[in-house]
Every structure is written in C-alpha cells, then in structure tokens.
Amino acid sequence: MVSPPCCGLLTRQKEPVPLKSISVTLSIREFVAGVSATLNYENEGKDPLEAFFVFPMDEDSAVHSFEALVDGKKIVAELQEKSEARTNYENAISQGHQAFLLEEDDQAGDTFSCNVGNLPPGSKAALTLKYVQELPLEADGALRYVLPAILNPRYQLSRGSEGGSLQMKNPAVPSQDVPYTLSLAATVSSQHGIKSVQCSSPVNPIEYLEDKTSAQISLADGHKFDRDVEFLVYYSEVHTPSVAVEMGAPATKPDSLMGDPSAMVSFYPNIPEAQSPTACGEFVFLMDRSGSMHCPMNNQNPSQLRIEAAKETLIWLLKSLPIGCYFNIYGFGSSFESFFPESVKYTQDTMEQALKRVKSMDADLGGTEILAPLKAIYSRTSIPGHPLQLFVFTDGEVTNTFSVIREVKINGQRHRCFSFGIGEGASTSLIKGIARASGGAAEFITGNERMQSKALRALKRSLQPVVEDVSLSWDLPAGLSAKMLSPEPTVIFRGQRLIVYAQLTGTMPPAEATGKVCLKYTLQGTQFENQVAFSLQPKSDANLTIHRLAAKSFIQTKDMGFEETPANDKKEVLKISMECGVISTHTAFIAINKDLNRPLQGPLTRSDVPSPMLFSVSDYALSAKSALRAEASVSKLWKCGSGPGLFRRLVGSRRSKKRQPLKEQYDPSEETTVECSSIDMTDLETNHTDDPLVQLISLQKADGSWDLNEGLAVVLGLSLGDMQAALPVKSVDSSGWATVLAVIWLHDKYKDMKCEWELLERKAVAWIHSHAGSATDGLVKAAVGFLKSSVDPAVFAP
C-alpha cells in the first residue's frame, strides 16, 4: 500500500503550519471542570497569513471567553450573532485589520473553528478560549473528563451535504504527523478527599496534598495525538446530594439570568432495584456497519476490531433479553437493513435466527447515514404494552447531527434511546444529543473498555420498571422563587446522577436563611422522596461557573443548529447566549485589532491547520472479503465515504490562494488520491470467539437454560461422561443440572465481570426454580462439590 502524503502540513512554498502548540490548564472542583486552552500561532513566512483550525470539544462545554494576545497586545473578543460576526470578520480583513473568529459548527455542537486573519510575517499570537463543563459519573463512581484530541472527518451524505459544516474545509493527517504539540496541567480538588486519579495518556508523577483534597497532574512530554486525553477522578464521596448557590454578576440588571443568583442541584436518587424486572418492551438494536467499524477498538496492537466487539455485544444482548419481549436488529451505513420486517417476539427460534445473522455481519454498508433507519424504526406501529427501547451503536461522524437529534426528539415521548459512542473521537454531539432528546443515557467506549459491560448496564436500566410522577418542588422563604432553567426531569434511572439548574428570583433573605428542594417520584406504586436543605447565602465566583452551566443547559434544549432551530427557540437561544456570553450555533466570538491597519499587498496566504485523525489509510484492517471489494471499487467507496472508515479523505490545504467566503464548499478536485490494495493485518483480526465466556454465553438458550452436551463440557473443561454420571437426581431434567453447573462456573471464573452476565444468570436461576422445583437445593449442593467450588449457594435464591 502506498503511504499517504502529508497533506495539510506544508504550503506549496514549504512554509510550516502556523499553529505551534496547544496549552491547556484544567481545574476540576468537585464535579465541574474549568478549562483554559491556548492556541499558540507564529507566522514564519514572508507574507501576511490567514489560518483556519477546526478542533473538537465535548458537546457539554460552555465556551464563555475568547481573547487574543498578539505581540504583547491583549484583545478581548465580543460575542455577536453569527452572521454579523462573520460579516465583521470579512470586513475587518478586507480593511487591513487583524481579526480573530471563534465559532461553533452550524450542524454539530462539538466542533469549533478558530480563524486567525491577517497575521503579519514574524508575528506571534496566543488565542485563549475558556469553558466550563459538568462531569459525567461512571458506574464505578468515577468522574470522567475528556479533552478531545482526535477529530474524525464527518461523513458527507451521499445525497449531498446540507452545507455549512466546518469540516468541509478541514484537512486531516494521521496522528503521528500532527505538526503541533499538546501540553496539559490539571488541578483536582474536593472537600471529600481524592482516592485516585487515572489518565489514559502518560503523565508525570501525580502530586497530592497531605490530606488528599487536592492533586496536581500534568501530561508527560510528547503527547502523540493517538487518543483523546481522559481523566478518571475517584472521590471519597460522590453520591451525596447537594445544592450550590452562586451570586449573580455585579452591575447586571436583576431579573436576568446573569443578574440573579443561580442554583445547581445535584441528586443521586436511591432508587431500589426491582426484584422482578419487567419482561415487556420492544428492544431495537441499531448497529453501525460502515467501513470504519473495521477499525481496531484502540491503537494497541493487537486489538479487537470494532465490528467484532459489536457482534459479541449483540450476542450478549440477545441472550439477556427476557422471554416475552419483542426485538429487531438494524444495520446501517450508506443504506440500512433489518433482520426482520417487523419486531418479532423473543423465542428460542427467533433468537437463533438473529444469532445466525449476527455472526455473518460485516462492516460492509459504506458510509454513516443514521437518519433514514431512525425514520424507518419510528414509522413502525407501536406494540401495545411494549414500549420501544432503542440502542444505537456507532463510531461515525455525520454532518447532519442536528437533523438526527431533532428526529429523535420528535419521537422522544414514545421511546428511550440508549446511545454508545465507539472509539476515540466519537461525536459527543450526536451520542449525547440523541440520548438527551429521548430521556435515555449515553455511553462512550474508548481505550480498553469493554462494549459489553456498558451495553448490558443500559439494558439492565431499560428492564427496570418506569419511574413515574417525577416532580421537583422548592421550599423557599417568602418573596423568593425558583425558575427552572433545565428541563423538568421525566426519566430517572437507578444509579444515575440528576443535575438541574434554576434561577432564584425575588428578594434574597438574610444570610442565615435556608431553603429546601425536594425530588419526588413513584416506583411500582410506592412514592419516594429525596430532599436537600441548603444555605441561601450565594457564593461568589469570578467565572460565574453555575450561571454558564445553567445557560448551556438551557441552550442545549433549544438549539437545533444554525439553519434548523425554530424561530421562537432561536430568539430564546440568542437572548441567553448573548446575555450569558456562552457560545451557540447562532453566535460567534470576534476580536478585531484595529491598531494593525496595513493595506493588504495582494492576497493573504491561507493555511488550513490539519486536525489529527486516529488511523491513516495503512492502519486499517481489511478482511479478505472487504479488501477485494475495496480493490474493485476504490473510487466508489472513497466518494461515498465512511467517516473515519476504510479510506480517509486526506484533504490538501487551499494554499496561497485568495481567501474564500467562510461558507465555501469542499472541493473534490482537491482530494489527494491514495492507492489502496489488499493488506494482511492478521494481528488485528484477533479471534475473540475463543474466549470461553463468549462460548458459554453462545450456548445458553433463550429461556436461560443450558443443555447438557459436549459443547458445554468443552467450555467447562470437563468430561461429558463425568458430568452425566455426577447428576445427583436422575429424575431431574439434565438441563437443570447443566444450568446449575454453568452458573457456578460463571461465579468461579468470571466473578469480576458479573455486570456482563448478571442478566443471563437471573434468567438461568429463574428457569432452574421453575423446572427443578424442590430439587434445586440438592442440585446446587452437588454441583458445588463436583466443581470443587466455594460459591455460596445463596446465589441461587429465588
């Protein structure tokens, strides 16, 4: 295979890319992160320069500040309506001024561009943006912070892009060829104490204060842009409910979001686990089968391919479904297909049919077009008594993110969507957006994380009875009221943290006054109540962190993209965005240096700074089937695209040409041709089906039982004859004996992975009691002795 050229790294005049380094300062306090990121530019050429840099950011980030330091002069940006900011930027450049523009992608909330206009030869500019972000809570109690470093190219719709995407003018290079460096220094602090901090990238030794309430962390030199930078922070206490009240901005008019105090309420409801999960539900699994699913799960060698991990996950999910529910599986790429014309009832027969098709699945459907299959799923008639539960798995990036989110939101009342972002650089805007729009939950699978554990946790949540009659009430002194800025909670999952924001309006009481906020809900006919008392003395924060997060929470519920937001919602988004200084798809930061007023001598040199992509073309593992297909139709696959798929768009910079309008479209003539041929990547085709756990799960029947046969004996490492001879009660069905042995083996061999097989075990234990009846205790006692196990027989309690 021919190695891809270094597209986007150098101009035709061999001038280096102006972005020299990215420096990040991170401050994590409790479960909120404050970030300051500085982009350091230098024009080493002989002509004035205009530079464009497109970069990723977590979708939950509230960007509230942008400023430039140019040759010692500080220029603070102003937030303006986006069209106005773009016009002002163009006018400033044409008049010889220096200008800087920071904007969010029109069609996705997790991609930004930084434009540096008219940087003189020899000049340096440091552009700093600041944002705040609430941190999600993992199942093991860790708070997760991610600094996205990978920006996978967005898949362009085969029917033509809708336009406006920043990525249409963004070159990409393999991660090892990124010409700028990344440094990061972080401070973590918590009044509850820090247990530990973990990082996905190499770090210098972590420094803790003596009482471990604070920690200092920094990236080791030489970050390779081969992964997003991820921190997992473990506190001593994370489940304590709390309310934080923040003082409004001085000299701001009252009765405005920034002028009044804001409150952030954090609940961790103690929802009891239902003893008998619901068996009803229509479970639809929507699986990405675009070419990019042939990527390995991570950049370690060997690593399981994403499509193989997805197939294993589907096997787990199919085996874990309850008897009596309905299900279907869809695969999507440039087109889509379903296993069954309509969702079918879950039986041994339909499960076997689905498993057969899962095992033959491949990443062979081209690009990443998720909107069409979603519409097809929503067009199906609902099954009475079986609410729709949608599970979406994708590593793809799409340009029509807001259209997808809007479609999910329109159908949000009739289903819940559980979304899973696979691999580094997965779109946080897409994954979080569709989950939020339907009251579901989002998960990201990166590094060495197992897709199965996160998928099974979501399935377990979906099987729990619905929490009903959710309400939030405030008990405040007379003259003070709370105005909700977050959507009223309608869905609560067991083990999930709930954060809401409110504006406190009216007269603040004396310092010693307190208030209460109460979360009420009903579960299986029983009413529950979580109440928190808090001080009404607001604290001062120069960054107005809670106010910014409240504004972001409000904007996320209304902002559906630059061109798609309804007029009334756009008006509200603009109002809150401008008032709070938090960027949206309808606003942009612009800074103009009018001290630099030199008439342009000819066109500016343009440099599109490349973004790192995780895999180069030569990094992709091609199965023999897909390699032959690729050789037969390289051109077709290249044009239909696959996001970060089999072939990357390595886009050359538009170098040394007249500037184009900010909305200029991607020019296919500027694509770089890459020759592709069949390549043997055996190391990446690791056969994970040799895993005994996978084999055991594959043998389980839909009702939860196992048959006593040679296949089970091989997995358990026993002789079938010995297993048959050890059957203690000859009158009992041998399947009962086999199922007891399988459950004990799971506890003995894979106890640390119980989250993945807990639902399988639950079905098995229920089947044992219904079929073995009073003989169950004797079977369990005999099996424990036969396997020489120390498993507590109580695990078989009904």
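Student: How many contacts beyond four places in sequence does the model have for residues 616-688, where pLDDT stays under 50?

Tutor: The model has 176 such contacts for residues 616-688, a contact meaning heavy atoms within 4.5 Å. This is a predicted model, in which local features need pLDDT of at least 70 and side-chain atom pairs count only at pLDDT 80 or more, while totals for chains, interfaces and linings use all residues. Residues are numbered from 1 along each chain as its sequence is written, and side-chain values use heavy atoms, with hydrogens and water left out.

Student: What is the average pLDDT of the protein, and which other stretch stays under 50?

Tutor: The average is 84, with 85% of the residues scoring at least 70 (pLDDT is the predictor's confidence in each residue, from 0 to 100). Residues 159-164 also stay under 50, and for these residues the model has 17 contacts beyond four places in sequence.

Student: Among the aromatic pairs of the whole structure, how many are found, and why is the pair Phe 55 and Phe 112 called stacked?

Tutor: The search finds 18 aromatic pairs. Rings of Phe, Tyr and Trp (its six-membered ring) pair if their centres lie within 6.5 Å, and planes under 30 degrees apart count as stacked, over 60 as edge-to-face and the rest as tilted. The centres of Phe 55 and Phe 112 are 6.2 Å apart and their planes stand at 20°, so both values satisfy the rule and the pair is stacked.

Student: What makes this a pair that ties together separate parts of the chain?

Tutor: Phe 55 belongs to strand E3 (residues 49-56) and Phe 112 to strand E8 (residues 111-119), so the parts that the pair ties together are 57 residues apart in sequence. Helices (H or I, at least four residues) and strands (E, at least two) are DSSP runs, numbered from the N terminus.

Student: How do you know whether Phe 55 and Phe 112 are buried or exposed?

Tutor: Buried means under 20% relative accessible area, exposed over 50%, partly exposed in between (1.4 Å probe, protein chains only). Phe 55 has a relative accessible area of 10%, and is therefore buried; Phe 112, with 1%, is buried on the same rule.

Student: Why is the pair Phe 418 and Phe 493 called tilted?

Tutor: The centres are 5.5 Å apart, and the angle of 50° between the planes is neither in the stacked range nor in the edge-to-face range, so the pair is tilted. This pair also links distant parts of the chain, with Phe 418 in strand E24 (residues 415-422) and Phe 493 in the loop between strand E27 (480-484) and strand E28 (498-506), 75 residues apart. Both residues are buried, and both belong to one aromatic cluster, together with Phe 285, Phe 391, Phe 393 and Phe 420.

Student: What makes Arg 86 a charge that sits over the ring of Phe 562?

Tutor: A charge sits over a ring if NZ of Lys or CZ of Arg is within 6 Å of the ring centre and within 35 degrees of the ring normal. The charged end of Arg 86 sits over the ring of Phe 562 at 5.5 Å from its centre, and Lys 570 lies over the face of Phe 562 at 5.8 Å from the ring centre.

Student: Why are E5 and E14 said to stand at the edges of their sheet?

Tutor: Eight strands form an open sheet of mixed pairing, in the order E5-E4-E9-E2-E1-E12-E15-E14. Strand E5 (73-76) and strand E14 (207-208) each have a single partner strand, so one side of each lacks a neighbour in the sheet.

Student: How do you know that E4 and E5 pair?

Tutor: Two strands pair if DSSP finds at least two bridges between them. Strand E4 (residues 62-70) and E5 are joined by four bridges in the antiparallel sense, so the rule is met. One bridge partner in E5 is Lys 73, set against Val 70.

Student: What makes strand E10 largely enclosed by the rest of the structure?

Tutor: Five of the five residues of strand E10 (residues 143-147) are buried, so the rest of the structure largely encloses this strand. Leu 143, Tyr 145 and Leu 147 lie on one side, Arg 144 and Val 146 on the other, and both faces are covered. E10 pairs with strand E16 (residues 229-235) in the antiparallel sense over five bridges, and in E16 the bridge partner of Val 146 is Glu 230.
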